[in-house]
Amino acid sequence: SRPNWTGTYESRDIFHEPFVLFGYIAGITKRIELTTGIIILPQRQTVLVAKQAAALDILSGGRLRLGIGTGWNDIEYEALGENFHNRGRRSEEQIELLRNLWTNEHVTFKGKWHTITDAGINPLPLQRPIPIWFGGSNDKLLQRVGRMGNGWYGMFDNLQTGHKMIGTIRDAAII
């Protein structure tokens, strides 16, 4: 509702909470894969995401793929009291912590934004770890996909741009 707003959505557009919606969908389906596209990870508490995703993975029989991004809308970060400018670095730490929480009964972790001392989530997900796919298109994100991702939701206007983006992912990948 802001004057001169140029975003891709506005206040009238509906967004359901993905973990709640997918919990419902998991209960009425048996085979389809559930893929968030995408959860803005730096806007959420990491341990809570780990617990919610693990529960959804169990309820769905291991059909969850967690799609994440860092977002583009600084207004959302302002409303949550979060720093828009460190969201990429924060998400990298979050991914490391998520994978630790999904694969270990007890975790000790000390990062810039997270501290956990000998704690964990229970139950652990069926997939250990849950696959993480990234959405986005800037070079820093593409490098993060290559270093840390299980997949990428490609968004590009033409084949030449797509090839360049895939090259950036490939060059950053640890093979």
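**Notebook: strand pairing and one helix pair**

I began with strand β6, which is joined by three bridges to strand β7 (residues 151-153), the two running parallel. Looking for the register of this pair, I found that W133 has G151 as its bridge partner in β7. I note here that I am working from a predicted model.

I then asked with which strand β6 (residues 132-135) pairs in the parallel sense besides the one above, and the answer was strand β3 (residues 64-69), again over three bridges. For the register of β3 against β6, I looked up I68 and found that this residue stands opposite F134 in β6.

Next I turned to the antiparallel case, where strand β4 (residues 107-110) and strand β5 (residues 115-119) pair over three bridges. How many residues lie between β4 and β5 in their hairpin? I counted four residues between the two strands, which together form that hairpin. As a point of register in this pair, I recorded that V107 stands opposite A119 in β5.

For the helices, I looked up α4 (residues 87-103) and α5 (residues 139-148), whose axes come within 12 Å and cross at roughly 15°. Angles under 35 degrees count as roughly parallel, and α4 and α5 are therefore entered as roughly parallel to each other. Is the crossing of α4 and α5 left-handed or right-handed? I have it down as right-handed.

I also listed the residues that make up this helix contact: from α4 they are G88, R89, S91, E92, I95, E96 and R99, and these meet R144, R147 and M148 in α5. Sorted by class, the contact of α4 with α5 has six charged residues, together with two polar and two nonpolar ones.

Finally I stepped back to the chain as a whole, in which I find six helices and seven strands. Read from the N terminus on, the elements run α-β-β-α-β-α-α-β-β-β-α-β-α. For the overall dimensions, I noted that the C-alpha trace spans about 45 × 40 × 35 Å along its principal axes. I wanted to know how the radius of gyration sits against the expectation for a compact globule, which with 175 residues would be near 16 Å; the chain has 17 Å, and I recorded that this agrees.

Definitions and conventions
Residues are numbered from 1 along each chain as its sequence is written. This is a predicted model: local features need pLDDT of at least 70, side-chain atom pairs count only at pLDDT 80 or more; totals for chains, interfaces and linings use all residues. Side-chain values use heavy atoms; hydrogens and water are left out. Axes are lines fitted to C-alpha atoms, for helices over the stretch in contact, and angles run from 0 to 180 degrees between N-to-C directions. Angles under 35 degrees count as roughly parallel, over 145 as roughly antiparallel, 65 to 115 as roughly perpendicular and the rest as oblique. A crossing is left-handed if the near helix is turned anticlockwise from the far one by less than a right angle, and right-handed if clockwise. Contact means heavy atoms within 4.5 Å. Ala, Val, Leu, Ile, Met, Phe, Trp, Tyr, Cys and Pro count as nonpolar, Asp, Glu, Lys and Arg as charged, and the others, Gly among them, as polar. Two strands pair if DSSP finds at least two bridges between them. The radius of gyration is taken over C-alpha atoms; the globule rule is 2.2 Å times the number of residues to the power 0.38.
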